[in-house]
Amino acid sequence: MPRPPRWAARLLPLVLLVLWLAVGGGLGPYAGKLGEVATNDQAAFLPRSAESTRVIEAQRAFRQDGTLPALVVWTSPGGGPVGPETRSAATRALATLTGRPGVVGTPTPALPSEDGEALRGVVQLRPDLGEELTPTLGAIDRAASTVPGTTVWLAGPAATQADLSDAFAGIDGLLLAVALVTVLLILLLVYRSVLLPLIIIVGAVLALALACAVVYVLADHDVVRVDGQVQGILSILVIGAATDYALLLAARYREELARRDGERVPAMRAALRRSAGPVTASAATVALGLLALLFSDLTNNRALGPVGAIGIVCAVLSTLTFLPAVLVLLGRAAYWPARPRPSESGSGGHGIWRRVAALVDRAPRKVWAVTLAGLLACAAFAPVLESKGVPLDEIFVNDAPSVAAQETLGRHFPGGAGNPAVVIADAAAAARVTSVAERVEGVDSAVAVTASGRPGAGAPLVVDGRVRIDVTLTDAADSDAAEAAVVRLRASVHAVPGADAVVGGYTAQRYDTRRTAERDRRLIVPVVLAVILAILVGLLRSVLMPLLLVATVALNFLATLGVSALVFRHVFGFSGADSSVPLYGFVFLVALGVDYNIFLMSRVREESLTHGVREGVLRGLTATGGVITSAGVVLAATFAALGVIPLAFLVQIAFIVAFGVLLDTLVVRSLLVPALVRDLGPVAWWPGALSRGTTGPVGVASPERGASPKNASAP
């Protein structure tokens, strides 16, 4: 078949390049606009079927769902008592806020604490203020500051949400800049090439631009939900994945370019033929693993699933179209000042990986036994990690104003003040429910909400035969003791005949979220493992090998959790982890960990079909060692960039994924898996052709286990 003319072979890369540059120019601004369709309203990310969520639905009849409470606290600078004159001045200051844009109804009077050293008032705000929330809180602060001789603190859900918005402010620019600079520096240091790192970075940015545009359109039409956390993870995921896939393809193209004496188009065809399968299989494990989050009952988990999968698809699309186009157009110049040589396998650092391969070949059983023992020792600490949720004073890793205000509030008022448990019950049973609630251990008071919207100020407000009762807990709303009190409260009010009572509020939401997260893990973890196993079976034409790989990455996840439990408590000072952290960590680590094993074992299988199983392991490890290790370092550094956002949840995710990827890259993929496969021999590929001692269609017998590999570093 005649070869196409040179101009035709170059036309397709030029067309692809122009198309991607148009994507970057036209869709790039959407990366900065994604925040316009994002919401940080935590009430929107609750379990769909939980009792606390049903309470929110019931509250709509009382017009109570449309408020976001801001708690104003006054204290004396010297810590002394607050007199009646100060209390009157504080009440007048709150009254001036009535009718102000963003304020709902009339603020409560200023009420004194039992110790007489503080005052507290509540201002209800609209929850849809968005960017106007911070200015509205500023107006409240200015009004409250007119009370002479006091220090003003703003606490409650409104203040917390404002601090969350501040934490995510500038996320587009800062996070992206940190991630891209980190990746660029690593690539420059590892590959010592000027153009290749820039090409890879541009490809990742183009993939992110496309992903953000698609997500923006879908979020704008309420097809998907986006919050600050999902937005940040999307950026990191796309940059990390696109870089990983690009490194694999670029390394393979470098090999083929050296083999074919600079023939660009044939080299790229061969590189794509040998790399497209592992890249798409790797992407499928991550994308389908993320889509498994759709089985979650937590809305924020379900939001991440499709958004993350869209990002992965865009990363693969960029890797398999934009990158080949640029590499074909540039040829060897893409690797300047380095020059592909026939002896190279494209990864660099062959001396190191030859020594690693020799160690695995010389003592495989000792290698896998030592590494397995180390991983099991780390995994033994995994049960120590408590994922009950992060208390309010640990949500932010810096000194957030709302945290200090909440601590001040807790010193002078009942721990649950300003964040009551909410009971919705039949009006006919209101008195009995209130009486029962007041007797529950851990409850400070229980008062029905009146027509004025405030507890205890007149007759209870009855809507559709139902009443709302606010129950103030004695312990802080984010404490284990408060959750235990809510469990007791639910049991007590559920037992009131004819009350049909349900219990919600912040503490109940926290408890329901934790229980739902536990349920999600039990459901989603097996689904993700099954999906990954099916992909590996199809790619590797084996059953035992996929089981082995899934088991090793699962062990890597448990070992990472064990180390994280120690680091979170003794280094970062966290009392526990967010309830969603284990599931997020599992999906990212297992899916991404399998990526590197796919890259390795697909190459091992390719080499084994020609050179035999034993030498195939050594050749595959040597050929892919450098590129996979650099890819792992890049991905770990990229996820570590999430730590620039001062939120405990993202700091925890950043550490788990970064540490876990490095552990998987440097230990599991480099030592444990090759040593196990080397020790098992052909049986590791059961029931495929390799397990029967043949190397595929050429029919060359595999070397005996005691044979010495020749030229194990050859490509």
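Val537, Val543, Leu544, Leu547, Leu680, Val683 and Trp686 form a nonpolar surface patch with about 540 Å² of accessible area together. Accessible areas were computed by the Shrake-Rupley method with a 1.4 Å probe, and nonpolar patches join side chains within 5 Å from residues with over 30% relative accessible area and no salt bridge (a side-chain nitrogen of Lys or Arg within 4 Å of a carboxyl oxygen of Asp or Glu). The model is predicted, with pLDDT of at least 70 required for local features and 80 or more for side-chain atom pairs. Residues are numbered from 1 along each chain, and side-chain values use heavy atoms.

Within the patch, Leu547 belongs to helix H18 (residues 544-572); helices are DSSP runs of H or I with at least four residues, and strands are E runs with at least two. Leu547 is partly exposed at 43% relative accessible area, between the limits for buried (under 20%) and exposed (over 50%).

Helix H19 (residues 581-611) has end C-alpha atoms 44 Å apart, in agreement with the 45 Å expected for 31 residues (1.5 Å times one less than the number of residues). Of these 31 residues, 27 are buried. Gly612, just after H19, has a positive phi of about 100 degrees.

Ser113 lies in the loop between strands S2 (111-112) and S3 (118-125) and is buried, with a relative accessible area of 7%. Leaving aside residues up to four places away in sequence, Ser113 touches Ala118, His412 and Phe413 (heavy atoms within 4.5 Å). Ser113 and Pro414 are 301 residues apart in sequence, with C-alpha atoms 8.8 Å apart.

Definitions and conventions:
Patch = residues over 30% accessible without salt bridge, like charges linked within 9 Å, V, L, I, M, F, W, Y side chains within 5 Å. Buried < 20%, exposed > 50% of the residue type's maximum accessible area, 1.4 Å probe, protein only.
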